[in-house]
Amino acid sequence: STVRPVPSGGLALRAARGRPPDVVLLDINMPEMNGYQLCRLFKETPELKDIPVLFVSALAEPLDKVEAFSAGGVDYITKPFQMEEVQARIATHLRLRRCQLQLEEQNRTLQESNERLRELETLRDNLTNMIVHDMRSPITVILGSLQFLNDDLGATAPAGCQEDIQRALASTRRLM
């Protein structure tokens, strides 16, 4: 991991816009603007809004912590801190961010798949309608011919032939 320390809020914002970080560790007391203000600016910037911001501060009052979370922070580490704890919290938030990005990608893929499925369903429906339309005319001719054959032969047709004509008529009517 590469750590990029930045001496002020304005520079941090510019640096993050240029090359968005995976996670931000932010103090509350900084030159130019405080950490709360900077965090809010991060959360208002579309390309930076989802980056996890962890506050690291000597301020330990509950109101300071509430303000940090209200500004959009995801964690608050009070100084003095144990390096192992900070590393574990950073690792946890990086894992959560990777999971979030993976979920967003899966959602995009799912949306694309759903759109493609809708397109294929439309094609299928159009093809089905075309096939039904194209088959209706020949089936009508077959039905008419069978009906004429049945009417012309009537009772004079041999018994087996009459049964075949009746089965063909019934099948063709079902097909229609």
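# Exercises on a predicted model

Glu-32 is exposed, at a relative accessible area of 63%. The model is predicted. Each exercise below has a task and a solution in steps.

**Exercise 1. A loop residue**

Task: Decide whether Glu-32 is buried or exposed, and find where its place is.

Solution.
- Step 1. Take the relative accessible area of Glu-32, which is 63%.
- Step 2. Recall the cut-off: exposed means over 50%.
- Step 3. Glu-32 therefore counts as exposed.
- Step 4. Now locate Glu-32. It sits in the loop between strand 1 (24–26) and helix 2.
- Step 5. Check the backbone. Glu-32 has a positive phi of about 75°, although it is not a glycine.

**Exercise 2. A cis peptide bond**

Task: Which peptide bond is cis, with omega near -5°?

Solution.
- Step 1. Go to the loop between strand 3 (75–78) and helix 4. Pro-80 has its place there.
- Step 2. Look at the bond that runs from Lys-79 to Pro-80. This bond is cis, and its omega is near -5°.

**Exercise 3. Helix 2 against helix 3**

Task: How do helix 2 and helix 3 run, roughly parallel or roughly antiparallel to each other?

Solution.
- Step 1. Mark the two elements: helix 2 covers residues 35–44 and helix 3 covers residues 62–71.
- Step 2. Take the packing values. The axes are 8 Å apart, and the angle is about 20°.
- Step 3. Apply the cut-off: angles under 35 degrees count as roughly parallel.
- Step 4. Helix 2 and helix 3 are therefore roughly parallel.
- Step 5. Add the handedness. Helix 2 passes helix 3 in a right-handed crossing.

**Exercise 4. Helix 4 against helix 5**

Task: Find the angle between helix 4 and helix 5, then name the arrangement.

Solution.
- Step 1. Mark helix 4 at residues 83–153. Mark helix 5 at residues 159–175.
- Step 2. Their axes come within 10 Å and cross at roughly 150°.
- Step 3. That makes helix 4 roughly antiparallel to helix 5, because angles over 145 degrees count that way.
- Step 4. Helix 4 passes helix 5 in a left-handed crossing.

**Exercise 5. Salt bridges along the helices**

Task: How many salt bridges does the structure hold? Then study the pairs Arg-89 and Glu-85, Arg-116 and Glu-119, and Asp-164 and Arg-167.

Solution.
- Step 1. The structure holds 10 salt bridges.
- Step 2. Begin with Arg-89 and Glu-85. Their side chains meet at 2.6 Å, N to O. The two residues are 4 apart in helix 4, so about one helical turn separates them.
- Step 3. Check the exposure of this pair. Arg-89 has 25% relative accessibility and counts as partly exposed. Glu-85, at 33%, is partly exposed.
- Step 4. Move along to Arg-116 and Glu-119. Their closest N and O atoms are 3.3 Å apart. Both lie in helix 4, 3 residues apart, about one turn of the helix.
- Step 5. Check the exposure here. Arg-116 is partly exposed at 44%, and Glu-119 is partly exposed at 38%.
- Step 6. Turn to helix 5. Asp-164 and Arg-167 both lie there, 3 residues apart, about one turn of the helix. The closest N and O atoms of their salt bridge are 2.3 Å apart. Asp-164 is partly exposed, with 42% relative accessibility.
- Step 7. Look for shared partners. Salt bridges join Asp-75, Glu-85 and Arg-89 into one network.

**Exercise 6. A nonpolar patch**

Task: Which residues form a nonpolar patch on the surface?

Solution.
- Step 1. The patch consists of Leu-127, Met-130, Ile-131 and Met-135.
- Step 2. Together they have about 360 Å² of accessible area.
- Step 3. Take Leu-127 as an example. Its place is in helix 4.
- Step 4. Leu-127 has 44% relative accessibility, so it counts as partly exposed.

**Exercise 7. Sequence against space**

Task: Compare the separations in sequence and in space for Gly-9 and Met-30, then for Leu-175 and Arg-108.

Solution.
- Step 1. Gly-9 and Met-30 are 21 residues apart in sequence. In space, C-alpha to C-alpha, they are 7.1 Å apart.
- Step 2. Place Gly-9 in helix 1 (residues 9–18). Gly-9 is buried, with a relative accessible area of 0%.
- Step 3. Leu-175 and Arg-108 are 67 residues apart in sequence. Their C-alpha atoms are 43 Å apart in space.
- Step 4. Place Leu-175 in helix 5. Leu-175 is exposed, at 54% relative accessibility.

Terms used:
Residues are numbered from 1 along each chain as its sequence is written. This is a predicted model: local features need pLDDT of at least 70, side-chain atom pairs count only at pLDDT 80 or more; totals for chains, interfaces and linings use all residues. Side-chain values use heavy atoms; hydrogens and water are left out. Patches are made of residues with over 30% relative accessible area and no salt bridge: like charges are joined within 9 Å, nonpolar side chains (Val, Leu, Ile, Met, Phe, Trp, Tyr) within 5 Å. Accessible areas come from the Shrake-Rupley method with a 1.4 Å probe; for residues, only the protein chains shown count as cover. A salt bridge is a side-chain nitrogen of Lys or Arg within 4 Å of a carboxyl oxygen of Asp or Glu. Buried means under 20% relative accessible area, exposed over 50%, partly exposed in between (1.4 Å probe, protein chains only). Axes are lines fitted to C-alpha atoms, for helices over the stretch in contact, and angles run from 0 to 180 degrees between N-to-C directions. Angles under 35 degrees count as roughly parallel, over 145 as roughly antiparallel, 65 to 115 as roughly perpendicular and the rest as oblique. A crossing is left-handed if the near helix is turned anticlockwise from the far one by less than a right angle, and right-handed if clockwise.
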